[in-house]
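Hi everyone, thanks for coming. Let me put the structure up on the screen, and then we'll walk through a few spots together.

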Amino acid sequence: MKRTLIIMFFVLIAAAVAFAQTGVKKKRPLPYDYGKVVINNYSEKAGLAPVVFNHWLHRAKFTCRLCHVDVGFAMKAGTTGIKASDNISGYYCGSCHNGKPDAEGNKVFESCSKTVPPDEKNRCQRCHSLGKNVKPAYDFGAFTERFPKGRFGNGIDWEKTEAEGLVKPVDFLEGVSIKRQAITAQKDFALSPKLEGMPDIIFSHKKHTVWNGCELCHPEIFVGVKKGSTKYSMIEIFDGKYCGVCHTSVAFPLTDCQRCHTKSVQ
Amino acid sequence: MKKPGTIFLLLAAAVVFSFPVTGINSLTGGSVVFAQEAWKGEFEAICSKTQDAMTFSPEELKDLITRCDNLKPAIEKLDETQRKVYLKRLQLCRELFVFVLGSKENR
C-alpha cells in the first residue's frame with residue numbers, strides 16, 4: 001500500500017513536470033504596462049533600442065480602426081515590419097508623428113528623420129526606449145486619473161470612459177482616412193456558452209464598432225459568415241484567438257468574466 | 001473650318017487619353033489600367049463602402065470585389081512603403097466584401 005502511494009506520488013510529480021511547459025505562472029502586467037508592445041524588427045540592427053509602444057495613450061486619442069485599418073498596423077505585434085523610411089515617408093508612426101500639429105493644435109513630435117537637430121537629440125528615445133530610463137511625456141496616473149476605473153487590464157473602464165465623453169477617440173486622419181458615411185451597427189446577439197450555468201454572452205456590435213468598424217474584425221478575426229458556424233472555446237480565446245486577439249492584450253482581459261457573460265448588454 | 005482628318009485625330013486622342021484614367025476593359029483585354037494616382041481615387045471609392053457593405057446586393061458586392069482585384073496590380077507597382085500599406089488596406093476591404101457576400105449567400 002505504502003509502496004503504491006510512493007509510486008503514485010512520483011508519477012504525479014513527473015506528470016506535473018512534463019506538462020508544466022514553462023512552469024511559470026503568467027505575471028499580471030501593471031496597469032500602465034497592459035497593452036505595451038515592444039517593436040524590434042530593425043531597431044537593434046540599426047543600433048537603437050527597441051520601440052516601446054503604449055496602447056493606453058494611443059487608444060485614448062484614436063480608435064483601433066484608425067490605426068489598424070487606415071494607417072495599416074497589423075494586429076499581431078511585430079508583423080507590420082515598420083522601417084524608419086516608412087515613417088519618414090509619412091506612413092505608419094509617421095502618419096501622425098510628423099512634426100505637425102494634431103487636431104488639438106499640439107505639435108506631434110516627428111517619429112524618424114534623416115537628420116536630428118542638436119536640440120532634439122533625445123527625440124529618438126521617446127520611442128526607442130526599451131531598457132532606457134526615459135521620462136514619458138504623459139504620466140499614466142495623471143492622464144487616467146478622471147477615468148472610470150476597471151478591475152483588470154489598465155485598471156480603466158475604457159467603454160465607460162468613451163461613453164462619458166472623457167475620451168473622444170479620433171476616427172479620421174486627413175490625408176490617410178477615407179471619408180465615409182456613419183456606420184450602421186448590426187444587431188447585438190447572444191452566444192450560449194458550452195458550460196452549463198454560465199450566463200449567456202451578449203455581444204454588442206454597437207459597442208465594438210465605435211472602436212473597430214467592420215473590417216478590423218471581419219473576416220480576419222471572426223471568419224464565420226453564419227452566426228454559430230464558428231465554434232470557439234475559452235482555451236482558444238485565452239490562446240489569443242477570436243475575442244482573445246484584443247481581450248488578452250489591449251481591451252479588458254478575459255479574467256473580467258462578467259463583462260461578457262451577462263444576459264443584459266453591458 | 002477644320003479638316004475631317006484633324007477632327008478624327010482629335011476625337012481619337014480624346015478616346016485614347018480619357019479611358020485609362022477610369023479604366024476600360026475593351027481596350028485592355030479585360031484588365032484595368034490606372035493612370036498614375038488614379039489608383040488612389042479608385043481605392044477610396046471602393047474602400048469608402050466598407051461601412052455600408054451589409055446594405056449591398058450580392059451583385060454589387062461582386063462588382064466591388066472585381067474592382068479590388070483590378071486595382072491590385074496598380075498598387076503592386078507603387079514604391080515599397082505605399083505598396084505595403086495600400087495592399088494591406090485593399091486586402092481588408094476585399095475580404096470584408098467577400099465575407100459579407102458569403103453571409104448573404106448563406107442566408
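Let's start with a question: is A:Y92 buried or exposed? Keep in mind as you look that this is a predicted model. Okay, A:Y92 is buried, and its relative accessible area is just 2%. To find A:Y92, go to chain A and look in the loop that runs between α4 (84-88) and α5 (140-144). The backbone there deserves a look too: phi of A:Y92 is near 50 degrees, so we have a positive value in a residue that isn't glycine.

Now for another tyrosine, A:Y242. Phi of A:Y242 is near 50 degrees, again positive and again in a residue other than glycine. This one sits in the loop of chain A between α8 and α9 (244-247). The cut-off for calling something buried is under 20% relative accessible area. A:Y242 comes in at 17%, and therefore counts as buried.

While we're on the loops of chain A, here's a peptide bond to look at. Going from A:H218 to A:P219, the bond is cis, with omega near -5 degrees. You'll find A:P219 in the loop between α7 (205-212) and α8 (234-238).

Right, over to where the two chains meet. How many residues does the contact take from each chain? Chain B gives 24 residues and chain A gives 33 residues. Put the chains together and about 2500 Å² gets buried between them, with carbon and sulfur atoms giving 55% of that. On the chain B side, three names to write down are B:Q51, B:R89 and B:F99: they supply 28% of the area that chain B buries against chain A, more than any other three residues do.

What about charges? There are four salt bridges between chain B and chain A. One of our three names turns up here, since B:R89 forms a salt bridge with A:D70, and the closest N and O atoms are 3.8 Å apart. Across this interface there are also 10 residue pairs in polar contact, counting pairs with both residues at pLDDT 80 or more.

So which helices of chain B are involved? Both α3 (38-47) and α5 (80-105) of chain B supply at least two residues each to the side that touches chain A. The largest share comes from α5(B), with 14 residues. And if you sort that side of chain B by class, you get eight nonpolar, eight polar and eight charged residues.

That's my tour, thanks for listening!

Key: Residues numbered from 1 in each chain as written. Chains lettered and ligands numbered in written order. Predicted model: local features only at pLDDT ≥ 70, side-chain atom pairs only at ≥ 80, totals over all residues. Heavy atoms only, no water. Helix = DSSP H or I, 4+ residues; strand = E, 2+ residues; numbered from the N terminus. Buried < 20%, exposed > 50% of the residue type's maximum accessible area, 1.4 Å probe, protein only. Contact = heavy atoms within 4.5 Å. Buried area = accessible area lost by both parts, 1.4 Å probe. Salt bridge = Lys/Arg side-chain N within 4 Å of Asp/Glu carboxyl O. Polar contact = N/O pair within 3.5 Å; in protein donor to acceptor, adjacent residues only side chain to side chain. Nonpolar A, V, L, I, M, F, W, Y, C, P; charged D, E, K, R; others polar.
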